[in-house]
Amino acid sequence: MAKFLIVDDEEGIRQIIREYCEFEGYEADEAGDGMDAIKKAREFDYDMIIMDAMLPKLDGFSATKEIRKTKQTPIIMLSARGEEYDKLHGFEMGADDYVTKPFSPKELMARAAAIMRRGVAGEEKLVSGELTIDFAGRAVFVSDKRIPLTPKECDLLFLLARYNGKAFSRQELLDKIWGFDYYGDERTVDTHVKMLRKSLGEAFRDKIVTVRGMGYKAIL
């Protein structure tokens, strides 16, 4: 049975999410602040963390970044702020998805289920010059130095790398990486490509090629 960690300083919101989690057959733990969230995430192996952005003691962005140092647990961030900057910041800290308040609990559960269904299979490595992609280890190295990537950046790079040279439309990338029941739009893909190129650095950012009028492909 999947186990969720629900992090929000409002008890009412935690209770609503817990009820929907239990209705879907999940177990649920709760935390009321960022520090408690980090402590519990280190102690237990959760299948999903739902993290409010604005928390006492330590905000959700900082808590997500800290959790990412030791765990790759999927994280959905909740926030009353829906500006692109805030969403981008959440993704850069390591969030897998970003849901704006007020939200539909049913939609939140659908997004969580889609994230948990995803996974990038594979056992081999791909080497392109100084770039090494370890699919099994979910790790990327440039000149033998590991490059920190968010889970979504990994999924995006791994998919494009596996089909090296094949062009994918933005909608195809949304469907394959975020899932058919994802409620976001195609700008999500553009945002993550921008993040991925930045993470890869000057030497390899051009390996992720924009296909005009369509989407993206990798040339490795």
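In this predicted model, strand 1 pairs with strand 2 (residues 27-31) in the parallel sense, and 5 bridges join the two. Within this pairing, F4 finds its opposite number in A28 of strand 2. The connection between the two strands can be followed along the chain: strand 1, helix 1 (residues 11-23) and strand 2 together form a β-α-β unit, and the unit is right-handed.

Strand 1 has a second partner as well. It also pairs with strand 3 (residues 48-52), again in the parallel sense, here over 4 bridges. One position to look at in this pairing is V7, whose bridge partner in strand 3 is M51. Strand 1 itself, spanning residues 3-7, is mostly covered, with 4 of its 5 residues buried. As a reminder for reading such a strand, side chains in a regular strand alternate between the two faces of the sheet.

Moving along the chain, the loop between strand 1 and helix 1 holds D8, a residue that rewards a closer look. With a relative accessible area of 0%, D8 counts as buried, because the cut-off for that class is under 20%. The side chain of D8 comes within reach of the backbone nitrogen of E10, at 2.8 Å. Beyond its neighbours within four places in sequence, D8 is in contact with I13 and R14, with A31 and G32, with D52 and L55, and with K101. Of these contacts, I13 and R14 fall within the range of helix 1 (residues 11-23), A31 belongs to strand 2 (residues 27-31), and D52 belongs to strand 3 (residues 48-52).

Terms used. Residues are numbered from 1 along each chain as its sequence is written. This is a predicted model: local features need pLDDT of at least 70, side-chain atom pairs count only at pLDDT 80 or more; totals for chains, interfaces and linings use all residues. Side-chain values use heavy atoms; hydrogens and water are left out. Buried means under 20% relative accessible area, exposed over 50%, partly exposed in between (1.4 Å probe, protein chains only). Two strands pair if DSSP finds at least two bridges between them. A crossover is right-handed if, with the strands pointing away from the viewer, the path from the first strand over the helix to the second runs clockwise. A polar contact is a pair of N or O atoms within 3.5 Å; within protein, one must be able to donate a hydrogen and the other to accept it, and residues adjacent in sequence count only if both atoms are side-chain atoms. Contact means heavy atoms within 4.5 Å.
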